[in-house]
Amino acid sequence: MANSLPNAGRRRVRAVGPDAADIIPLRFGDDPQVWACWLYYEDRLTQGEIADAMGISRATVNAYLADARERGIVNITLDPQRLASLTVAQELKRHFGLHDCLVFPNHDPAHSLIDRLGRAGSLVLRRYLRSGDTIAVGWGRTVLAVAGATSVTGLQDVRVVQATGGVTTGQPDAPEICAARLAAGIGAECVPITAPSIVSSPAMLDMLMAEPLIRSQFQALGQASRALFGISSLRPNSTIHSSGFFDHAPLQTYLALNAVGVIAGRFIDGHGRPVLGPLEDRTLGISLDALRGIERRIAVAGGIDKVPAVLGALRGGFVDVLVTDAATGKALLEADGATKLSRPAPLRTGDAAPAAVVQRRHVKKFLNDPDDVVDEMLDGALRAHSAHFVPVEGARRAFRALGTPRQGKVALVIGGGSGHEPCFFGYVGRGMADAVAVGNVFSSPPPDPIARAARAVSGGEGVLFIYGNYAGDTMNFEMAAELVQADGIPVRTVVTTDDIASSRAEDRDGRRGVAGNVLVFKVAGAACDRGWSLDACERVARKANLRTYTIGVALEPCSMPQTRRYNFVIGPNDMEVGVGIHGEPGVAREPLETADTVVDGVMNRIFVEMPSVPGDRVAVLVNSFGSTPMMELYVLYRRVEQRLRTKGLVVETRWVGEYCTSLDMVGASISVMHLDDELAELLAHPCDTPALQVRS
């Protein structure tokens, strides 16, 4: 359980003088309920100690605490994971193959079952709501109770869509009311279905579905990533009766077809099969097949009378998150043959506790002499990629692409420290960089190999330097530029600054260059390959940099080859947000979150800085920092594309993998380039390098 109080200064108090029983001390006089809550929940005093400290009776303290909960001074939240750990919930989850299940106890005579379902359903809904979601919402008393209990701030680009058309009875829990109430509670756009749920004939249904407005509303419904619905029985007091459905067809017809319940206006039997009665082709709303295809389907239903209907919904696969009460949960298990609830096996007397694991002081690595690792790595890279590049004469750590220099072409030279592989030598080849210079781990290459690389690939039209915005790189590349220009070779420089977490937007020139480098290299390399002038290549590279936005998040630090120890420490439940690519901590340490929540935080920040309108195109780079597997990168990319789609943005280019690492750091970065026609064309230009190939 968690409690939250206004931000009062912490102090510990003790009993006051004997005359204090009649008057509350002045320091508590502003709002004695706040102080009583603070002393009870934060300072952990007993009610008797609080009574002594405040000079009031224990009964008054008890009343203050109760009133504070009613007034919202203190909010007590039950962790969904704790409720889900109940035996019934775990068995329901296992038996029916659910994604999640929340079961609450039945012993609460002060509140109705509908109210408790509403609060529990809200708890689950808030857990699964994300920015960019479209939520298909059913109707009825339970759904309205969930909507009324739900209040969320900070979400972006969320839509709430009615799952069915409206009902004709004017009931207080009608579809449009439920959708509007939930949308208001979470600050979402509400998309109504502006037609009745039951129409007069199949022909009328077809006519309505052909209307552009209704068709657009159903298109929004078809994009639902979350569904919230109740499950109606066929008893006389059920939602399906009060909504007027049986004014259009007799109940006996559906009972004869073995119907046991209704989900969003669609009838099902006890095995979860659709019941194709007389209303099926007159019902305007989400189909059962479409409902089953929604990623997260939250059903909130309880009461013994609903067991057949809920069981049918579970058997039919329409539910993957169930919220119910303990009595209903047990009845569901018994009805489906799961009569014994599994319980954790107790630890037997005498069982030995598992041996403690000693934390290693060093990270295991495939090394010979750590001082030789960069040279040995580059030797191996040269052997592996001899079809793409060769050494620059006289420079131990510089390479040039095969076929260079090319006369009449601007030469692109890139570089930086090692430890970022495949960056930087991985981008040397036809259509990208002509040459590269590589430094020690996380250190800039010296000026001499940079200058030698530039001279080796100069084709008479000048040289373009591109590198990240770090002090050592800036100093050494500038010195190299002076050396090369002294030989009569024009040099232009573009410094990448795509890391939007590293400084404010108004200080763009002070930002670091991180994985977005790769997108800039690709654009500039294509411009050079097409024979553009030095001015034009510099211009488009600067534009590419200004339209690229990157944020990185690390879960574990990296370890240096020489020390084989982690650079810093990240707690077991923490993550570093805004990390660079040189093994440094991030700009903020935050609690560890789910993949979708991490992506939402990154994308929200990118959306703030990236001006865009629906229909704009983007390129996306999801990059591993070295130890994050492809499995997790694809999980991240999935959410990135979902968020972009909700903004109406089109992903034209997408690259997922290791592009610019930080040794063995566990983490990833997300880069988005806001495309125009020119940038899109250059990204699509063919290239052939060890780390990136684009075919024509």
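Here are some friendly notes on the cores and salt bridges of this predicted model.

1. Before the details, residues are numbered from 1 along each chain as its sequence is written, and side-chain values use heavy atoms, without hydrogens or water. Local features need pLDDT of at least 70 and side-chain atom pairs count only at pLDDT 80 or more, while totals for chains, interfaces and linings use all residues.

2. The largest nonpolar core (buried Ala, Val, Leu, Ile, Met, Phe, Trp, Tyr and Cys joined through side-chain atoms within 4.5 Å; buried means under 20% relative accessible area, exposed over 50%, partly exposed in between, with a 1.4 Å probe and protein chains only) has 64 residues. Its largest share, 9 residues, comes from helix H19 (517-529), helices being DSSP runs of H or I with at least four residues and strands E runs of at least two, numbered from the N terminus.

3. Met-673 is among the residues with the most contacts inside that core. Beyond four places in sequence, Met-673 touches residues including Leu-519, Val-523 and Leu-683, contact meaning heavy atoms within 4.5 Å.

4. The whole structure holds 42 salt bridges (a side-chain nitrogen of Lys or Arg within 4 Å of a carboxyl oxygen of Asp or Glu). In one of them, Arg-492 pairs with Glu-538, with the closest N and O atoms 2.9 Å apart. Because Arg-492 sits in strand S17 and Glu-538 in helix H20, this pair ties together parts 46 residues apart in sequence. Glu-538 is buried at 15%, whereas Arg-492 is partly exposed at 28%.

5. Asp-676 and Lys-543 also meet in a salt bridge, at 2.7 Å from N to O. Asp-676 lies in the loop between strand S23 and helix H23 and Lys-543 in helix H20, so the parts joined are 133 residues apart in sequence.
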